[in-house]
Amino acid sequence: MTAYAVVIPTLVRGTLADCLAALAAAAGPQPEQIVLVDDRPEPLPDPGALAGPLDVLGDLGERTLVIHSGGHGPAAARNTGLRAVTAPWVAFLDDDVQVGPHWCEQLVEDLAEAGPDTGAVHGVIAVPLPYERRPTDRERGTAGRARALWSAADIAYRAEVLKQVGGFDERFRRASREDADLALRVLDAGWRIRQGRRATRRPVRPGDRWGSLRAQRGNADDALMRRLHGPHWWRRALAPRGRLRRHVAITAAALAACALAAAGRRRAAAVVALGWAAGTGEFAWARIAPGPRTRQEVATMLATSVLVPPAATWHRASGLWRHRGAAPWREVAP
């Protein structure tokens, strides 16, 4: 049997108990070790918050190690967990997923079938969407992220491969692109990454109406990806290119309209403002049309569609500046 450990970075959200319960219930050979990396910033707001989730592990609780990583993001948390395991394979799970009923058995089969040149095997992430209505923008976004290649929500790496390439790049402080960056470095090192048979669910978490606005911080991570892997990294990663160019154009139109109005050129300002309104309207409709079109969803899309383009532009610009001298990642000493 192929031995493996499981590493789960967590902020101890409400989803953690369901994640651990699904893992404990999965049929098949159990992991040698479960490393739960508590990445809440110090001081911990509630040290006892892990008691409930750990109880659902049952006998697996004896194989579980809890480590505090200090709130440096999921990439750093996974590296912290990696340093604590000795198994030849390390399976990473996010704390908001639920593995399938035969996940342990299927994972071991996936690893046993991995050739000597296979550095990682990823699972299939499924996002349950409502069948009685069209999915919301948030639900579509979650499903889109689940389709990303090499998602760290469920992927198993050879421990030797992770040590060879230095693990996750800890400059990615959010759950955004750190898994694609690692996979590209593993591929560049001559290893293969293949898809396994195991399945994992990622339910859509509840959220407020401003989630899409906060998600624009990921544009800074895209700037780091460009610096590390070149301008066409998204082609290699089969990642959607997104609407950044349109966002920049819309933001530029808004700034130009304000500048022209301040200079007293009202007619020119009105023309440019119409261009801004047209771009913003097209963006809002592109998000509203495939959704349920409820009053709340439409209001949320209208409000955030005004704010997303400047937010995306700002985060991309700040990312380009922050990472202007970024060099390839090197492993942090244990």
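Colleague: Let's start at the end of a helix: what phi does G230 take, just after α9?

Modeller: First, the naming: helices are DSSP runs of H or I with at least four residues, strands are runs of E with at least two, and both are numbered from the N terminus. G230 sits just after α9, and its phi is positive, at about 90°.

Colleague: Thanks! What kind of model is this, and what is left out of the side-chain values?

Modeller: The model is predicted: local features need pLDDT of at least 70, side-chain atom pairs count only at pLDDT 80 or more, and totals for chains, interfaces and linings use all residues. Residues are numbered from 1 along each chain as its sequence is written, and side-chain values use heavy atoms, leaving out hydrogens and water.

Colleague: Back to α9: how far apart are its end C-alpha atoms?

Modeller: Helix α9 covers residues 218–229, which makes twelve residues. The expected span is 1.5 Å times one less than the number of residues. For α9 that gives 16 Å, and the model agrees because the end C-alpha atoms are separated by 16 Å.

Colleague: How many of the residues of α9 are buried?

Modeller: Buried means under 20% relative accessible area, exposed means over 50%, and partly exposed is in between (1.4 Å probe, protein chains only). Among the buried residues of α9 are G218, L224, M225 and H229. The rest of the structure largely encloses α9, because the buried count out of twelve is nine.

Colleague: Which helices do those buried residues pack against?

Modeller: Contact here means heavy atoms within 4.5 Å. The buried residues of α9 pack against four helices: α7 (178–188), α10 (233–236), α11 (244–262) and α13 (295–322).

Colleague: Are α11 and α13 roughly parallel or roughly perpendicular?

Modeller: Axes are lines fitted to C-alpha atoms, for helices over the stretch in contact, and angles between N-to-C directions run from 0 to 180 degrees. The two helices pack with their axes 8 Å apart, at an angle of about 110°. Angles under 35 degrees count as roughly parallel, over 145 as roughly antiparallel, 65 to 115 as roughly perpendicular, and the rest as oblique. The angle therefore makes α11 and α13 roughly perpendicular.

Colleague: Which residues does T251 touch, beyond those up to four places away in sequence?

Modeller: T251 is found in α11 and is buried, at 12% relative accessible area. It is one of the α11 residues that meet α13. Leaving out residues up to four places away in sequence, T251 touches P309, P310 and T313.

Colleague: Now the sheet: which are its edge strands?

Modeller: Two strands pair if DSSP finds at least two bridges between them. The sheet is open and has eight strands with mixed pairing, in the order β3-β2-β1-β4-β7-β6-β8-β5. Each edge strand pairs on one side only, and these strands are β3 and β5.

Colleague: How many of the residues of β2 are buried?

Modeller: Strand β2 runs over residues 33–38. Q33, V35 and V37 are on one side and I34, L36 and D38 on the other, and both faces are covered. The strand's buried count is six of six.

Colleague: What hand does the β-α-β crossover from β1 to β2 have?

Modeller: Strand β1 (residues 4–10) pairs with β2 in the parallel sense over six bridges, with P9 opposite V37. Between the two strands the chain passes through helix α1 (residues 16–25). A crossover is right-handed if, with the strands pointing away from the viewer, the path from the first strand over the helix to the second runs clockwise. This crossover is right-handed.

Colleague: Which residue in β3 stands opposite D38?

Modeller: β2 and β3 (residues 64–68) run parallel and are joined by five bridges. Opposite D38 stands H68.

Colleague: Last one: how far apart are the C-alpha atoms of L11 and V99?

Modeller: L11 lies in the loop between β1 and α1 and counts as partly exposed, at 46% relative accessibility. Not counting residues up to four places away in sequence, L11 touches D39, R40 and D95. L11 and V99 are 88 residues apart along the chain, and their C-alpha atoms are separated by 19 Å.
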